[in-house]
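Let's take a walk through this one together, starting at a single spot and working outward. Keep the sequence and the picture in view as we go.

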Amino acid sequence: VMVAANHFVIREVDLDDADRFLGSPHMHRVALQHGLWDGRGKLDFTAAFSLGEYGNKYYSGRRMWDGFRRFAPSVALPPAYNSTDPWSGLKESRPYPFSVPPDAPLALTDLLAAHRSHYEGTSFDMTRGVAAGPFGSPDRYAVPGTPGDTKRGAWERSVAIYRAAFAWIAQAGGSADRGRKQDSAVVDRDSAAASGAVALQKLLPDPPPEETGALRRGDRGDGCGCRSKIWFGPADPATTVFVPLSVCAGPPPEQYTRGGPGKVDRESAYWAHRYTQNLAQVRYSAMIVDIRAHSLEWEEQGAALALQIGALQCGGGAPGQGQAASPPPDALQRLRGDSAPSLRRQIERHAAAVLASTWALTDDLVGKYADGGEAAPRAGLERRQAVAVSNLGYSSE
């Protein structure tokens, strides 16, 4: 796994090694001309061309450490690194390798948890401490102090962040050998407040034996792309629902193509999840339990849908070759046809159900946690009748 978090990670460059490096033949000359490299030894790409961590020390490094400690805990990389400059250090001290092999093949749940991290359970847990407030919110809205003041300090930069526009996990289909480890990477970037990940092939249960046998015989072109998926989650990864999308189904559902930051849109998945994230600030420690349960329920249904996406027959290479190929001319037409159930219709139904359920969740959260309490309907009574309310008060911490 490789973790990139608003910071370069490539170190020594050897352009003579064409199997591992692809770069401009002018790279070394440019570095020398601008005093970014002394010409001795191999060029350290990050040391030469990176401006260092954005904002403050640990802005990138903490997230890199978090990814490595999740996927390869046996490596035991340090969470801190030395530097004479309190606002930098990652590119100079080189505390982390470019990549490490994971301790075990990764599952979809591993990548979902990585995207949702606020360092829970570590000494950097952002749901703890005075800054988290009385209800354990991990969100930090502004850097304390006055801009330009070098003594102003900084918050931790979590992986999941309230200002995210979306997150995604790309599952690259291709090989029928589901037991084989494949390259993976977790990427967290903030240029568009987005984050993404490329996962291992083995995210979902193995296909039925008869399907696996057919694929290994090359009876179907597994390289057509219909087995590849994007697990897409609008807004903050911590409170979103990731849904599977496929290029073979055509454009994404409308719910995932609309919505901007300036106005609430009830038909927008982005706004449904952004609304949920903002509502959670009322009592985060309690509400996040319900929000995570909601996400898990729909992501499990999404996994079932993803299996159907993976079972799509799209044809391809000649028998026995197992080569990548383009979909046959009628592949996408079959998806859009009137024969039920089409993949596109299933994805659209799932998207609509997630949207409706998420808006319903926000109403349930307000009803359950209004006025500092926790309400629960009494057994045997109608919805509009009396409810039992317990006063949650404040945490003893």
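**A walk through the fold**

Start at Pro102, which you'll find in the loop between helix 4 (90–93) and helix 5. Keep in mind that you're looking at a predicted model. Pro102 has a relative accessible area of 17%, so it is buried, the cut-off for that being under 20%. Now look for Met2: Pro102 and Met2 are 100 residues apart in sequence, yet their C-alpha atoms are 9.8 Å apart in space.

Let's step back and take in the whole chain. There are ten helices and ten strands. Of the 397 residues in the chain, 45% are buried. If you take the contacts with a separation of 6 or more, 68% of them are between residues 24 or more positions apart.

What sits inside? In soluble globular proteins, nonpolar side chains tend to be buried together. Here the largest nonpolar core has 31 residues, and among those with the most contacts inside it are Val1, Met64, Phe68, Tyr96 and Trp231. Strand 1 (3–5), helix 3 (61–71), helix 5 (108–115) and strand 4 (166–171) each put at least two residues into this core. There is also a second, separate core of 14 residues, which includes Phe232, Leu245, Leu343 and Val354.

Phe232 is a handy guide to the next stop, strand 7. Five of the six residues of strand 7 are buried, so the strand is mostly covered. On one hand, strand 7 runs antiparallel to strand 4, with six bridges joining the two; Trp168 has Phe232 as its bridge partner in strand 7. On the other hand, strand 7 also pairs with strand 8, again in the antiparallel sense, over three bridges. There, the partner of Phe232 in strand 8 is Val243.

Just past this, have a look at Ala235, in the loop between strand 7 and strand 8. Most residues other than glycine have a negative phi. Ala235 is not a glycine, but its phi is positive, at about 65 degrees. Its relative accessibility is 2%, so Ala235 counts as buried. Asn6 is another residue other than glycine with a positive phi, near 55 degrees. You'll find Asn6 in the loop between strand 1 and strand 2 (12–13). With a relative accessible area of 25%, Asn6 is partly exposed.

Next come the rings. The structure has 14 aromatic pairs. Why is the pair of Phe232 and Tyr256 called edge-to-face? Its planes stand at 80 degrees, and its ring centres are 6.0 Å apart, so the pair falls in that class, which takes in plane angles over 60. This pair links distant parts of the chain: Phe232 belongs to strand 7 (residues 229–234), while Tyr256 is in the loop between strand 8 (243–245) and helix 7 (269–279), 24 residues apart. Both Phe232 and Tyr256 are buried.

Tyr275 and Trp359 make another edge-to-face pair, 5.1 Å from centre to centre with 65 degrees between the planes. Because Tyr275 lies in helix 7 and Trp359 in helix 10 (residues 343–369), this pair ties together parts that are 84 residues apart in sequence. How covered are these two partners? Tyr275 counts as partly exposed, at 31% relative accessibility, whereas Trp359 counts as buried, at 9%. Elsewhere, Tyr58, Phe68, Tyr81 and Tyr96 come together as one aromatic cluster, and two of those names, Phe68 and Tyr96, also appeared in the list for the largest nonpolar core.

Some rings have a charge for company, too. The charged end of Arg266 sits over the ring of Trp359, 4.1 Å from its centre. Likewise, the charged end of Arg62 sits over the ring of Phe124, at 3.7 Å from the centre of that ring.

Let's finish with helix 10, the home of Trp359. How far should its 27 residues reach? At 1.5 Å a residue the expected span of helix 10 is 39 Å, and its end C-alpha atoms are 38 Å apart, which agrees. After helix 10 comes Asp371, with a positive phi near 60 degrees.

Definitions and conventions:
Residues are numbered from 1 along each chain as its sequence is written. This is a predicted model: local features need pLDDT of at least 70, side-chain atom pairs count only at pLDDT 80 or more; totals for chains, interfaces and linings use all residues. Side-chain values use heavy atoms; hydrogens and water are left out. A nonpolar core is a set of buried Ala, Val, Leu, Ile, Met, Phe, Trp, Tyr and Cys residues joined through side-chain atoms within 4.5 Å. Buried means under 20% relative accessible area, exposed over 50%, partly exposed in between (1.4 Å probe, protein chains only). Helices (H or I, at least four residues) and strands (E, at least two) are DSSP runs, numbered from the N terminus. Rings of Phe, Tyr and Trp (its six-membered ring) pair if their centres lie within 6.5 Å; planes under 30 degrees apart count as stacked, over 60 as edge-to-face and the rest as tilted. A charge sits over a ring if NZ of Lys or CZ of Arg is within 6 Å of the ring centre and within 35 degrees of the ring normal. The expected span of a helix is 1.5 Å times one less than its number of residues. Two strands pair if DSSP finds at least two bridges between them. Contact means heavy atoms within 4.5 Å.
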